[in-house]
Amino acid sequence: MDILITNDDGITSGGLYLLRQELQDLGRVFIVAPDRDQSATSHSLTLYRPMRIERPEPDVYAIDGTPTDCVLVAAHGLLERPPGLVVSGVNRGPNMGDDVFYSGTVAAAIEGAMQGVPAIAVSLASSGAGRVDFQYACQFTRRLVGTVLEKGLPAKSVLNVNVPQKRDDEIKGVRVTRLGKRTYQDTLIERTDPRGRAYYWIGGDAPIWEPEEGTDFLAVDQGYVSVTPLHLDLTDNALRTTLESWPLRP
Ligand code: MN
């Protein structure tokens, strides 16, 4: 079986290569990843310019596109046959709660599921710009992949995994969770460039989260690996029933 590893942190991220090492005895492992950091690009596609693909080593491809582009390109001809599994990560930084809507890491896994392939997104809940250790997250992913290959995943579902940044003897266990609530503290920063023109940057303090029972945030904060099953059907069936009674007129 062929396994596709991708990410949104870009082709130089150490998380890709450690993960490849962990998964290599499960199949032929391909890395197809953006050629630069594409974090928070969500599910965007490159449609209005051509893309270039570099092959720095056998079975490793760097694309000047988004994480979603990488999965599409891999599934539609770059690889000899579509992969049997997509693993996106290991991302540097958590992807929990409302983050999943911004995350390129999660989007790549969702694209895998949209292509009919079982898919997992894995993020390391590290903070700051310092050195990170992907070792435990990769070892956990290897075990989870083994279970997913044995049991399968339903169509249109992905697993969103967040691993605390701790040593393996400090990890308390694994919790199956739901998405928690983030509160972003974004502010729009306006500054002036050297030629006197205004420029803008989204900044602000780090997001805060609600410590609700059963959530990904609480699990990771308490030292557990969080596994959240996500479903691609965003239809709000309760609201659909309500809307049926609205006086909607053509
Ligand atoms: Mn990222």
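# A walk from a salt-bridge network to the metal site

Let's start at the side chain of Glu170, which is partly exposed, with a relative accessible area of 37%. Keep in mind as we go that this is a predicted model. Glu170 meets the side chain of Arg167 in a salt bridge, with 3.5 Å from N to O. The pair belongs to something wider: salt bridges with shared partners bring Arg167, Asp169 and Glu170 together in one network.

A search of the whole structure turns up 10 salt bridges. One of them pairs Arg28 with Asp59, whose closest N and O atoms are 2.9 Å apart. This pair links distant parts of the chain, since Arg28 sits in strand β2 and Asp59 in the loop between β3 and β4, 31 residues apart. The two partners differ in cover: Arg28 counts as partly exposed at 40% relative accessibility, whereas Asp59 is buried at 18%, because the cut-off for buried is under 20%. Asp59 also has a backbone feature worth a look, as its phi is near 65°, a positive value in a residue other than glycine.

Another salt bridge joins the side chains of Arg49 and Asp64, at 3.4 Å from N to O. Here too distant parts of the chain are linked: Arg49 is in the loop between β2 and β3, Asp64 is in the loop between β4 and α2 (67–78), and 15 residues separate them in sequence. Arg49 counts as partly exposed, with 41% relative accessibility, while Asp64 counts as buried at 15%.

Arg28 leads us on to the strands at the start of the chain. Strands β1 and β2 run parallel and are joined by 4 bridges. Within this pairing, Arg28 in β2 is the bridge partner of Asp2, and Asp2 itself lies in strand β1. Asp2 counts as buried, at 6% relative accessibility, and its side chain makes a polar contact of 3.0 Å with the side chain of Arg81. Strand β2, which covers residues 28–34, is mostly covered, with 6 of its 7 residues buried.

Now for the metal. Which residues hold the manganese ion? Its ligands are Asp8 (OD), Asp9 (OD), Ser39 (OG) and Asn91 (OD1), at 2.1 to 2.3 Å. Along the sequence, these donor residues follow the spacing D-D-x29-S-x51-N. Asp8 lies in the loop between β1 (2–6) and α1 (14–23), and Asn91 lies in strand β5 (residues 85–92), so this pair ties together parts that are 83 residues apart in sequence. Asp8 is buried, with a relative accessible area of 2%, and Asn91 also counts as buried, at 6%.

If you follow the backbone around these donors, two details stand out for inspection. Strand β5 also holds Val90, and the peptide bond leading from Gly89 to Val90 is cis, with omega near 0°. In the loop between β2 and β3 (53–57) you will find Ala40, which has a positive phi of about 65° although it is not a glycine. Ala40 counts as exposed, at 56% relative accessibility.

Further along the chain comes an antiparallel pair, with 10 bridges joining strand β9 (residues 182–192) to strand β10 (residues 198–209). Thr192 has Ala198 of β10 as its bridge partner. The two strands form a hairpin with 5 residues between them, and Gly196 in the turn has a positive phi of about 85°.

After that hairpin, look for Thr215 in the loop between β10 and α5 (216–221). Is Thr215 buried or exposed? At 1% relative accessibility, Thr215 counts as buried. A polar atom of the Thr215 side chain lies 2.7 Å from the backbone oxygen of Glu212.

Two stops on the outside round off the tour. Met114 is in helix α3 (residues 104–114) and is exposed, with a relative accessible area of 53%. From C-alpha to C-alpha, Met114 and Val158 are 9.8 Å apart in space, while 44 residues apart in sequence. The other stop is a nonpolar surface patch of about 400 Å², made by Leu239, Leu243, Trp246 and Leu248. Of these residues, Trp246 is found in the segment after α6 (237–244) and is partly exposed, with a relative accessible area of 47%.

Definitions and conventions
Residues numbered from 1 in each chain as written. Predicted model: local features only at pLDDT ≥ 70, side-chain atom pairs only at ≥ 80, totals over all residues. Heavy atoms only, no water. Donors = N, O, S within 2.8 Å, 3.2 Å for Na, K, Ca; no water. Buried < 20%, exposed > 50% of the residue type's maximum accessible area, 1.4 Å probe, protein only. Pairing = 2+ DSSP bridges. Patch = residues over 30% accessible without salt bridge, like charges linked within 9 Å, V, L, I, M, F, W, Y side chains within 5 Å. Areas by Shrake-Rupley, 256 points an atom, 1.4 Å probe, with all protein chains shown as cover. Salt bridge = Lys/Arg side-chain N within 4 Å of Asp/Glu carboxyl O. Polar contact = N/O pair within 3.5 Å; in protein donor to acceptor, adjacent residues only side chain to side chain.
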